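This report goes through one protein model, from overall form to single residues. The sequence and structure come first.

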Amino acid sequence: MAEDKVFMDTGVFTGIVNDIKSAGEGLVFSEEPQANLSALETLSVGREIIETLEQVYKNTDVYRLEVSQSLPKGLLTLRDSMINVDKAVSESLSVERRRE
């Protein structure tokens, strides 16, 4: 008979979340490409490339903040919630033994 259950090793889960956080914190692009764009400013396509590159850098910063802060906080909140629900359910159970 199939049962709907969730089993979670909180130590492993926490480790995965911390790895995600560390990887996100390390996502920093070098500023060197942006420093060498003056040659492109004279061309219309070059100005579009510069604008696109600026958007990539901006989006990377937003992504890094989300991955290194918001996502781990949400996942750890989920973990804590699951632990609290499990504790509440286990404390509300009463077991009766039938003697034969």
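## Charge

For counting charges, Lys and Arg are taken as positive and Asp and Glu as negative, while His and the chain ends are left out. On that count the protein has 11 positive and 18 negative charges, and the mean positions of the two sets are 11 Å apart. The model is a predicted one.

## Overall form

The protein contains three helices and zero strands, and its order along the sequence is α-α-α. Its radius of gyration is 25 Å, whereas the globule rule gives 13 Å for 100 residues, so the protein is more spread out than a compact globule. Along the principal axes, the C-alpha atoms fill a box of roughly 90 × 25 × 20 Å.

## Surface and contacts

Of the 100 residues in the protein, 13% are buried. The exposed surface comes to about 8,500 Å², and carbon and sulfur atoms supply 54% of that area.

Among contacts with a separation of 6 or more, 72% are between residues 24 or more positions apart.

## The aromatic pair

How many aromatic pairs does a search of the whole structure find? The search finds one. In this pair, the ring centres of Phe-29 and Tyr-57 are 5.6 Å apart and the ring planes meet at 75°, so the pair is edge-to-face. The cut-off behind that label is an angle over 60 degrees.

The two residues are 28 apart in the chain, and the pair links distant parts of it. Phe-29 sits in the loop between helix 1 (10–25) and helix 2 (32–35), whereas Tyr-57 belongs to helix 3. Their accessibility is as follows: Phe-29 is partly exposed, at a relative accessible area of 36%, and Tyr-57 counts as buried, at 10%.

## Arg-79

Arg-79 is part of helix 3, which covers residues 44–92. Is Arg-79 buried or exposed? Its relative accessible area is 15%, and a residue under 20% counts as buried, so Arg-79 is buried.

Leaving aside residues up to four places away in sequence, Arg-79 touches Met-8, Thr-10, Phe-13 and Thr-14. Of these, Thr-10, Phe-13 and Thr-14 fall within the range given for helix 1 (10–25). The C-alpha atoms of Arg-79 and Gly-46 are separated by 48 Å, with their positions 33 residues apart along the chain.

## Gly-74

Gly-74 is also placed in helix 3. With a relative accessible area of 41%, Gly-74 is partly exposed. Where the chain is concerned, Gly-74 and Val-17 are 57 residues apart, and their C-alpha atoms are separated by 9.8 Å.

How values were computed
Residues are numbered from 1 along each chain as its sequence is written. This is a predicted model: local features need pLDDT of at least 70, side-chain atom pairs count only at pLDDT 80 or more; totals for chains, interfaces and linings use all residues. Side-chain values use heavy atoms; hydrogens and water are left out. Helices (H or I, at least four residues) and strands (E, at least two) are DSSP runs, numbered from the N terminus. The radius of gyration is taken over C-alpha atoms; the globule rule is 2.2 Å times the number of residues to the power 0.38. Buried means under 20% relative accessible area, exposed over 50%, partly exposed in between (1.4 Å probe, protein chains only). Contact means heavy atoms within 4.5 Å. Accessible areas come from the Shrake-Rupley method with a 1.4 Å probe; for residues, only the protein chains shown count as cover. The place of a charge is taken as NZ of Lys, CZ of Arg, CG of Asp or CD of Glu. Rings of Phe, Tyr and Trp (its six-membered ring) pair if their centres lie within 6.5 Å; planes under 30 degrees apart count as stacked, over 60 as edge-to-face and the rest as tilted.
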